[in-house]
Amino acid sequence: MFLNHMQCSAVAFTAAEYKKVPCVVLMLCKECLAGVAKLNLPASIADLVAAYTARHQEIFSVGALHTLTVMQGDLLQEIVLVGCGEGKACTPTNMRKAAGTLARHLHDQKLAAATIAVPLLQDPKKGHYLQALVEGLYLGAYTFTECKGKPQPPTDCTVAITAAAADKEALVAEAAVEADAVSLVRNLVNRPANIVTPAVMAQEAAKVAEEFGLEIEVLEEKDMERLGMGAILAVGRGSVQKPKMITLKYNGAGDAPYTAYVGKGITFDTGGISIKPDDNMGEMKDDMTGAANVLAAIKAIAALKLPCNVMSIMACAENMPDADAYRPGDVVKAANGKTIEVISCDAEGRLVLADGVCHACALGAKRVIDIATLTGGVMVALGTETSGIITNKDSLAEDLKAAGKKAGEPLWQLPSLPDLKEAIKSDVADVLNSAGRYGSCITGGLFVGEFIAEGVEWAHIDIGGTSTATKTSGYKVKGGTGFGALTLIKYAGTL
């Protein structure tokens, strides 16, 4: 299949793979340069590469891209040298970044075909590098043009990657499924809020359910009222777009307990009565990234037929100011009966998550992982490349961090400090929905944890700083990044 106008396959290291293609790519780390001699390259290419790399050591920097040309019979070939790092810098994550840069070069040059040779992939045990390479190619090639009046899609490019792993075809196919999932997140995030509403999120979930035979439940206002979901109902009260609580279930492990992925799905966030400044408010179309992530994750999990039981819950609403909107000072009740004093209507994501994780527990999940663009505070604490974790079980955080490392999505566990838990206690209700700026990414997560049933393992992932990229770099393209989806998919593979 063509994904983002790119099609990847894995092939053997034979001389025939380098003939009759307009472009040959070598992805090089400094330490694997000696392996170029074993790639079965035509002598003209091998000699050119040896001479060039001897004079240009800067080529090994991650994502460095140098182009050369060589005559191959009557064919003028472009030779692209792409740096993958030196020493410990040659990691799957940096391979993914370098591949993303390469993908855009192939599209920019309108190249219809290329063969990629990587000395590192001569080692049959380096299949995870092959997978990262393919993920990077697909994700780096991503473009979002559907809102253009006359979109101009890039040229389709067929890429053959030489590799020795015995399961190379399966690894490439798995990477394609994962990249397709991340691209789904990016599409949903990049679409404006007049196109993506809670009802549209339900429609997208229904498409996934139909394609893979998943169980689906969509709770409407009357259903949520019956179940006592006063928190999400309060958030959605000010909008004509009615809230939805959407659940998808994938059963790949029989009677095994379910792990629940719960995503914040605020399709647009004005701040409600606590209205945001108008500067950059349009960026708040990305406040449903968590819900998009859990939808994409279960789609990939089902496509890969992973042996696990997972449910994805999308807590979707639009936060708007209106005569019927909820107010600061209001007290609302979540589905577990716990009451919430509203300090800020702009701390709405944790309210929809409160009912979302309650629902997950009520449906029997033994482990709950919620993911949300919850706070700007996480960006202050960790920057724009790392997401924060709050948890009630340290080993779960370690497992998620390991999955994030495989995905190239760094996660950092934040401390569940007693004084910050004390800070969300209310004088008039059970908890406050905001404890102010200090430690906000921690108190926001701890608030969600108040709605986890006793005995249920739980982790909260705050992607407030990582959900959107302000510039294109590596395999990330300006706009929605899809950060988190790959982590959830790779974590599911360990269940």
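**Exercise 1. Find how strand S2 pairs with strand S5, and which residue in S5 stands opposite Val 24.**

Solution. Start with the pairing: S2 and strand S5, which covers residues 113–117, run parallel and are joined by three bridges. Keep in mind that this is a predicted model. Now look across from Val 24, and you'll meet Thr 115 in S5.

**Exercise 2. Work out how S2 pairs with S4, and what faces Leu 26 there.**

Solution. Again the sense is parallel, this time over six bridges between S2 and S4. Go to Leu 26 and look over to S4: Leu 81 stands opposite.

**Exercise 3. Decide whether strand S2 is enclosed or open to the outside.**

Solution. Step one: take the strand's residues, 23–28. Step two: sort them by the way they point. Cys 23, Val 25 and Met 27 go one way, while Val 24, Leu 26 and Leu 28 go the other. Step three: check burial, where the cut-off is under 20% relative accessible area. Both groups turn out to be buried. That makes six of six, so S2 is largely enclosed by the rest of the structure.

**Exercise 4. Place Gln 77, say whether it is buried or exposed, and find what its side chain reaches.**

Solution. First, Gln 77 sits in strand S4, residues 75–83. Next, its relative accessibility is 0%, so Gln 77 counts as buried. Then follow the side chain: it reaches the backbone oxygen of Tyr 18 at 2.8 Å. A polar atom of that Gln 77 side chain also lies 3.0 Å from the backbone oxygen of Val 21. Finally, leaving out residues up to four places away in sequence, Gln 77 touches several others, including Lys 20, Pro 22, Ile 45 and Leu 68.

**Exercise 5. Lay out the open sheet that contains S12, and find the bridge partner of Ile 340.**

Solution. Write down the order of the three strands, S11-S12-S16, and note that the pairing is mixed. The edges are S11 (331–333) and S16 (431–432), each pairing on one side only. Strand S12, residues 339–341, runs parallel to S16, with two bridges joining them. For Ile 340, the partner in S16 is Val 431.

**Exercise 6. Describe how helices H11 and H14 pack.**

Solution. Begin with the geometry: H11 (residues 394–407) and H14 (residues 485–492) pack at about 115 degrees, their axes 8 Å apart. The crossing is right-handed. Now for the residues that meet: among them are Leu 396, Asp 399 and Ala 403 from H11, and Leu 486, Lys 490 and Tyr 491 from H14. Sorted by kind, the contact has six nonpolar, two polar and three charged residues.

Terms used:
Residues are numbered from 1 along each chain as its sequence is written. This is a predicted model: local features need pLDDT of at least 70, side-chain atom pairs count only at pLDDT 80 or more; totals for chains, interfaces and linings use all residues. Side-chain values use heavy atoms; hydrogens and water are left out. Two strands pair if DSSP finds at least two bridges between them. Helices (H or I, at least four residues) and strands (E, at least two) are DSSP runs, numbered from the N terminus. Buried means under 20% relative accessible area, exposed over 50%, partly exposed in between (1.4 Å probe, protein chains only). A polar contact is a pair of N or O atoms within 3.5 Å; within protein, one must be able to donate a hydrogen and the other to accept it, and residues adjacent in sequence count only if both atoms are side-chain atoms. Contact means heavy atoms within 4.5 Å. Axes are lines fitted to C-alpha atoms, for helices over the stretch in contact, and angles run from 0 to 180 degrees between N-to-C directions. A crossing is left-handed if the near helix is turned anticlockwise from the far one by less than a right angle, and right-handed if clockwise. Ala, Val, Leu, Ile, Met, Phe, Trp, Tyr, Cys and Pro count as nonpolar, Asp, Glu, Lys and Arg as charged, and the others, Gly among them, as polar.
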